[in-house]
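Student: I have the structure open and would like to understand the labels people put on it. Could we go through some of them together?

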Amino acid sequence: HGEQLEGAVAQSKKLIGAMECAALLRSLGVRAHLCSFASPPVPAEELEVRRQQAALDAHRNNAANPQRRWKKSPKYVPAYRPCVPLLDFCWAYFSTRQLAGGDDAPAPFCPPLYLQHEGHSRTIVGAERDARTGAVTVLLFDPVIDSGALLTDVRERRKLQKLRSGPHAFTQARYQVCVVAPGIAGVEEREGLKTVAEIDPSEALRLPLF
């Protein structure tokens with residue numbers, strides 16, 4: 001990764017991901033770990049049918065609206081199904097840490113999750129589960145969302161709509177998450193942190209809370 005980035009990212013527009021985030025944090029003694037999630041692919045025949053249907057729907061819509069200046073494009077059809085394991089991981093991660101403080105004690109600090117997929121990075125700060133369906137929605141900060149609009153949504157509407165992302169928003173082929181364990185490593189432990197290797201999501205959920 002260092003060679004790909006030519007040894008530096010400061011004062012540049014180079015793209016970085018979860019691996020670079022973990023490497024930076026580890027260099028400062030922070031116990032950062034990586035885990036990955038794969039989305040199940042949509043079967044080829046089903047994908048072709050869905051894409052043909054999307055093209056047909058767009059054609060019919062354009063035919064019904066000939067006065068439209070710009071033709072409607074077919075609806076995007078993802079090649080992968082929602083990455084449910086990633087969403088379940090987020091729920092387990094945040095819910096465990098929320099309850100760790102007990103009824104009387106405050107909950108411990110819960111580091112956010114740094115999420116990376118091809119071409120984009122976001123920060124997950126919480127998760128919600130629908131009591132009826134069990135579906136998980138995550139709360140995340142996305143750099144493409146205007147900060148002013150985000151603040152308005154949070155302060156005035158109090159619905160957090162611009163923060164919420166459900167299963168339909170997670171249809172990339174692969175996701176990588178940077179998970180931070182509490183505390184700062186000592187001198188000897190920092191030597192081991194120089195090597196970054198992925199861990200299983202189940203192991204990430206067993207990282208200490210304090």
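Student: Which residue of β4 is the bridge partner of Arg 129?

Tutor: Val 136 is the partner of Arg 129. Keep in mind as we go that this is a predicted model.

Student: What makes β3 and β4 a pair of strands?

Tutor: Pairing asks for at least two bridges between the strands. Six bridges join β3 to β4 (residues 136-141), so the definition is met, and the two strands run antiparallel.

Student: And how do you know that β4 also pairs with β5?

Tutor: Two bridges join β4 to β5 (residues 164-165). The requirement is at least two, so this counts as a pair. These strands also run antiparallel, and Val 138 of the first stands opposite Ser 165 in β5.

Student: What is notable about Gly 134 in the hairpin of β3 and β4?

Tutor: Gly 134 takes a positive phi near 85 degrees, in a hairpin with six residues between the strands.

Student: Let's look at Thr 123 in strand β3. Why is Thr 123 called partly exposed?

Tutor: Its relative accessible area is 26%. Buried means under 20% and exposed means over 50%, so Thr 123, at 26%, falls in between.

Student: Which residues does Thr 123 contact, beyond its neighbours within four places in sequence?

Tutor: Thr 123 is in contact with Pro 112, Leu 113, Leu 139, Leu 140 and Phe 141. For each of them, heavy atoms lie within 4.5 Å.

Student: Why is the link between Glu 189 and Arg 31 called a salt bridge?

Tutor: The cut-off is a side-chain nitrogen of Lys or Arg within 4 Å of a carboxyl oxygen of Asp or Glu. For Glu 189 and Arg 31 the N to O distance is 2.7 Å, so the pair qualifies. Glu 189 lies in helix α5 and Arg 31 in strand β1, so the bridge ties together parts that are 158 residues apart in sequence. Both ends are partly exposed: Glu 189 has a relative accessible area of 34%, and Arg 31 has 21%.

Student: How many salt bridges does a search of the whole structure find?

Tutor: Seven. Another one of them joins Glu 198 and Arg 174, at 3.0 Å from N to O. Glu 198 sits in the loop between α5 and α6, and Arg 174 in strand β6, so that bridge ties together parts 24 residues apart in sequence.

Student: What makes Glu 46, Arg 50 and Arg 81 one network?

Tutor: They are joined by salt bridges that share partners. One of these bridges is Glu 46 with Arg 81, at 2.7 Å from N to O.

Student: Now the interior. Which residues have the most contacts inside the largest nonpolar core?

Tutor: That core has 24 residues, and those with the most contacts inside it are Leu 86, Leu 113, Val 138, Val 177 and Val 179. The largest share, six residues, comes from α3.

Student: What does membership tell me about Val 138?

Tutor: Core members are buried, so Val 138 must be under 20% relative accessible area. In soluble globular proteins, nonpolar side chains tend to be buried together.

Student: What does Leu 86 touch, not counting residues up to four places away in sequence?

Tutor: Leu 86 touches Phe 37, Leu 115, Phe 170, Tyr 175 and Val 177. A second, separate core of nine residues includes Cys 21, Val 30, Cys 178 and Val 180.

Key. Residues numbered from 1 in each chain as written. Predicted model: local features only at pLDDT ≥ 70, side-chain atom pairs only at ≥ 80, totals over all residues. Heavy atoms only, no water. Helix = DSSP H or I, 4+ residues; strand = E, 2+ residues; numbered from the N terminus. Buried < 20%, exposed > 50% of the residue type's maximum accessible area, 1.4 Å probe, protein only. Core = buried A, V, L, I, M, F, W, Y, C linked by side-chain atoms within 4.5 Å.
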